[in-house]
Amino acid sequence: MPKALNLLQGLSDKRLLQEGHNHLTKKTASGTKRDGASYVSAPTGLLAELTHRCPLQCPYCSNPLELERSNNEMSATEWAETFKQAASIGALQLHLSGGEPTARRDLEDILGYAVEVGLYTNLITSAVLLTKDQLSRLADIGLDHIQISIQDVVEENSDLISGYKGALAKKYAVANWARELGIGLTINAPMHRQNIMNLEKIIDFAVEVDAQRIEIAHIQYYAWAQKNRAALIPTHEIFLETVNIVEAAKQRLIGVLNFDFVIHDHYASRPKKCTGGWGQSIIVVTPSGTALPCHAAQTLPGLKFDNVKDQHLLKIWETSPAFNAYRGLDWMKEPCRSCDRREIDYGGCRCQAYAFSQDPAATDPACALSVDHASFAALAEQEAHAPAPAFVYRRYDGLSKK
């Protein structure tokens, strides 16, 4: 999952308490509203994609292949109204993402609006555009947390993966500035074939910069990652090595570093719950204001998405056909419908199911019960054992570059 959504899912699982009146319908004993519709709890968090502009060109970027242009981006005041509405319906967390959110010249204004309505703020960044003065101003405004993405901790490989020279040194500097300024720090390390051999060094990097948390997430294959899948998928054996490395590091670093580890879907036996459950805890808003129940929802056919500039966030959250499309259980087919895990993983990722089977209501192929599971795993092994092709880099100008 894209890095932000993994963080949101963890927060959703913890389900932090909220104060004040909840504007959403209370849950009945049967788990439905009194009018019989699926129960909808308050969203845990808002993922605000401020822009799709980014100086990095990562070949696993979770932004869509068709990137939104800067002239369609919402203004700071439009984001302010969105934050106000999110807080009013119970959201607690705000994740300022992109692209690269620091490409916005009005980022400080945007952050100020979020702090004003009481949202916990997390800046998700490549860090390469930040200066110490700007980070200090963000801290003074009230930034709570920063999440820095790491492509690799070997400089040459970091440059190759990101398509950006000198990124690693800047990330190291920004991480140290964050801790100096008292800002919470997470290191995010997307894992794939091209950096997996340096996982232990990446964990050491997180310790060296005094991060509180590291997210080690095997990437999911849609958008740019799907386009580059054959260059990114590791073998099953190498994936299993990462499991052992992370488990050993967790024990060694108890009290030093918290770990979130997201396993590789192609080598799983059970799927992950899609972004905390489709339309259950997370709202994604694109740069132009389109509200989504998950980061890649626009890849699914037949869904109409509302825009926060036209509809109140509460109405979108409760009544949008797109948000309700895969809520609850009624949409499920077998084997999900009768599975004893149907209210644990909710059939897994809809976007992954569609990408592999062309059926958005199919069982996630990561599940061993899926009719597509064997071929899903076999595809990974086939591509992982073949020579890696060159990256197709993510380019904001709309042109892919090899």
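Thr 186 is buried, with a relative accessible area of 0%, and I should say at once that this value, like everything I describe today, comes from a predicted model. The residue sits in strand 5, which covers residues 184-191, and if we leave aside the neighbours within four places in sequence, Thr 186 is in contact with His 145, Ile 146, Gln 147 and Ile 148, and also with Arg 213 and Glu 215.

That brings us to the sheet to which strand 5 belongs, which is an open sheet of nine strands with mixed pairing, in the order 7-6-5-4-3-2-1-8-9. At its edges are strand 7, residues 258-262, and strand 9, residues 291-292, each of which pairs on one side only. As a general reminder, strands of a sheet pair through backbone hydrogen bonds, and the pairing may be parallel or antiparallel. Here, strand 3, residues 120-125, and strand 4, residues 145-149, run parallel and are joined by four bridges, and within this pair Thr 125 stands opposite Ile 148 of strand 4. Ile 148 is also one of the residues that Thr 186 touches.

Across part of this sheet lies helix 2, residues 76-88, which covers strand 1 (45-49), strand 2 (93-97) and strand 8 (282-285), and which runs at about 165° to strand 1.

Let me turn now to Asn 63, which lies in the loop between strand 1 and helix 2. Is Asn 63 buried or exposed? At 2% relative accessibility it counts as buried, because the cut-off for that class is under 20%. Not counting residues up to four places away in sequence, Asn 63 touches Glu 49, His 52, Gly 98, Gly 99, Ala 223, Trp 224, His 295 and Arg 394. Two of these neighbours deserve a word on their polar atoms: the backbone oxygen of Gly 98 lies 3.2 Å from a polar atom of the Asn 63 side chain, while the side chains of Asn 63 and Arg 394 are joined by a polar contact of 3.1 Å. Separately, the C-alpha atoms of Asn 63 and Thr 286 are separated by 9.6 Å, although the two residues are 223 residues apart along the chain.

The loop between strand 1 and helix 2 also holds both partners of a salt bridge, Glu 73 and Arg 53, which are 20 residues apart. Their closest N and O atoms are 2.9 Å apart. The two partners differ in accessibility class, since Glu 73, at 15% relative accessibility, counts as buried, whereas Arg 53, at 24%, counts as partly exposed. A second salt bridge joins Arg 104 to Asp 106, again with the closest N and O atoms 2.9 Å apart, and Arg 104 counts as buried at 5% relative accessibility. These four residues, Arg 53, Glu 73, Arg 104 and Asp 106, are linked in a network of salt bridges.

How many salt bridges does the structure hold? The count is 14, and one of them joins Lys 304 to Asp 306, with the closest N and O atoms 3.8 Å apart. In that pair Lys 304 is exposed, with a relative accessible area of 60%, while Asp 306 counts as buried at 15% relative accessibility.

My last topic is the cysteines, together with helix 13. The count of disulfides comes to zero. Why is Cys 294 not bonded to Cys 351, the cysteine with the closest sulfur? The two sulfur atoms are 3.6 Å apart, which is too far for a bond, because a disulfide would need them within 2.5 Å. Cys 294 is itself buried, with a relative accessible area of 4%. Cys 367 is likewise in no disulfide, the nearest cysteine sulfur, that of Cys 339, being 6.2 Å away, and Cys 367 is buried as well, with a relative accessible area of 6%.

Cys 351 belongs to helix 13, residues 350-357, where the buried residues are Arg 350, Cys 351, Gln 352, Ala 353 and Tyr 354. The buried residues of this helix pack against helix 14, residues 373-384. Just after helix 13, Gln 358 takes a positive phi of about 65°, and with that backbone detail I will stop.

Definitions and conventions: Residues numbered from 1 in each chain as written. Predicted model: local features only at pLDDT ≥ 70, side-chain atom pairs only at ≥ 80, totals over all residues. Heavy atoms only, no water. Pairing = 2+ DSSP bridges. Helix = DSSP H or I, 4+ residues; strand = E, 2+ residues; numbered from the N terminus. Contact = heavy atoms within 4.5 Å. Axes fitted to C-alpha atoms, helices over the stretch in contact; angles between N-to-C directions. Buried < 20%, exposed > 50% of the residue type's maximum accessible area, 1.4 Å probe, protein only. Polar contact = N/O pair within 3.5 Å; in protein donor to acceptor, adjacent residues only side chain to side chain. Salt bridge = Lys/Arg side-chain N within 4 Å of Asp/Glu carboxyl O.
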